[in-house]
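Reader: Could you take me on a close look at one part of this model, the largest pocket, and then show me how the parts around it are put together? I would enjoy one connected account.

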Amino acid sequence: MDNFFARSVFFVKDAERSLQYYTETLGFSLEWNHQEQGRAYVFEVSLLGFQLILNQTQPGTEDRAGHGRVFIGLDDDQANAFRKHVQEKGIRTTVFQWGAPTLVIRDLDENELFFGLPESERMSL
């Protein structure tokens, strides 16, 4: 059996605003963008191999915005590349104790990207 083609989906209040935030502030690459009325509505972004779909809320899903969380575990070589990216972009992070110190980025709607660092990196948090 082949692997599933799976992506996490975050709901956002304003997809166009989120598209700019993810690509310009966080440095993600845009993979595809479905627009409605000339504005982003559902799109996929990627960063260092991680892919995420963001979906504009609509009637019936308004309460979903900001309730997403994804965990991304990093190996030693990935952690170095990720830290460099965060420093170069000036991305604001926090540390959350989630079984171990975990680096957290929150988007404009408070969806959470949890980055699990290798044990060798945790001491620096």
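Author: What follows starts at the pocket and then moves out through the sheets, the helices and a few single residues. Please keep in mind that this is a predicted model.

Let us begin with the pocket itself. The largest pocket has a volume of about 170 Å³. Its lining is made up of Phe 28, Leu 47, Leu 48, Phe 50, Ile 72, Gly 73, Leu 74, Gln 78, Ala 81, Phe 82 and Phe 115. By class, nine of these lining residues are nonpolar and two are polar, with no charged residue in the set. Which elements supply at least two residues each of this lining? They are β5, residues 69-73, and α2, residues 76-89. The biggest share comes from α2, which gives three residues.

Since β5 supplies part of the lining, that strand is a good place to go next. Side chains alternate along β5: Val 70 and Ile 72 point to one face and are buried, whereas Arg 69, Phe 71 and Gly 73 point to the other face and are not buried. This can be set beside a general pattern: in a regular strand, side chains alternate between the two faces of the sheet. Ile 72 and Gly 73 are both among the residues that line the pocket.

Strand β5 belongs to an open sheet of four strands, in the order β5-β8-β7-β6 and with mixed pairing. The edges of that sheet are β5 and β6, each of which pairs on one side only. From one strand to the next, the twist averages 35°.

We can walk across this sheet pair by pair. Five bridges join β5 and β8 in the parallel sense, and Val 70 has Leu 113 of β8 as its bridge partner. Next, β7 and β8, the latter covering residues 112-116, pair in the antiparallel sense over five bridges. Here Val 104 stands opposite Phe 114 in β8. The walk ends with β6, residues 94-97, and β7, residues 101-106, an antiparallel pair with four bridges. In that pair, Gln 97 stands opposite Pro 101 of β7. The two strands β6 and β7 make a hairpin with three residues between them, and Gly 99 in the turn has a positive phi of about 85°.

There is another sheet to visit. It is open too, with four strands in the order β1-β4-β3-β2 and mixed pairing. Its edge strands are β1, residues 8-12, and β2, residues 29-36, each pairing on one side only. The twist in this sheet averages 20° from one strand to the next. Strands β2 and β3, with β3 spanning residues 39-47, run antiparallel and are joined by seven bridges. Within that pairing, Ser 29 has Ser 46 of β3 as its bridge partner. Leu 47, in the pocket lining, falls within the 39-47 span of β3.

Helix α1, residues 15-25, lies across β1, β2, β3 and β4, and runs at about 20° to β3. Strand β4 covers residues 50-56, and Phe 50 is one of the pocket-lining residues.

Just past these strands, Thr 57 sits in the loop between β4 and β5. Is Thr 57 buried or exposed? Its relative accessible area is 12%, so Thr 57 counts as buried. Apart from neighbours within four places in sequence, Thr 57 is in contact with Phe 11, Val 12, Lys 13, Tyr 41, Glu 62 and Ala 65.

Back in helix α2, we meet Lys 89. With a relative accessible area of 38%, Lys 89 is partly exposed. Not counting residues up to four places away in sequence, Lys 89 touches Glu 24, Thr 25, Leu 26 and Gly 27. Lys 89 and Gly 27 are 62 residues apart in sequence, while their C-alpha atoms are 7.2 Å apart in space.

Our last stop is Glu 119, in helix α3, residues 119-122. Its relative accessibility is 63%, so Glu 119 counts as exposed. Glu 119 and Asp 76 are 43 residues apart along the chain, and their C-alpha atoms are separated by 8.8 Å. Asp 76 brings us back to α2, which covers 76-89 and supplies part of the pocket lining.

Definitions and conventions: Residues are numbered from 1 along each chain as its sequence is written. This is a predicted model: local features need pLDDT of at least 70, side-chain atom pairs count only at pLDDT 80 or more; totals for chains, interfaces and linings use all residues. Side-chain values use heavy atoms; hydrogens and water are left out. On a 1 Å grid over the protein atoms alone, a cavity is a set of points where a 1.4 Å probe fits but cannot get out, and a pocket is an open set with protein on both sides within 12 Å along at least five of seven lines; lining residues have an atom within 4 Å of a point. Grid points are joined across faces, edges and corners, and a volume is the space filled by probe spheres set on the points. Ala, Val, Leu, Ile, Met, Phe, Trp, Tyr, Cys and Pro count as nonpolar, Asp, Glu, Lys and Arg as charged, and the others, Gly among them, as polar. Two strands pair if DSSP finds at least two bridges between them. Axes are lines fitted to C-alpha atoms, for helices over the stretch in contact, and angles run from 0 to 180 degrees between N-to-C directions. Contact means heavy atoms within 4.5 Å. Buried means under 20% relative accessible area, exposed over 50%, partly exposed in between (1.4 Å probe, protein chains only).
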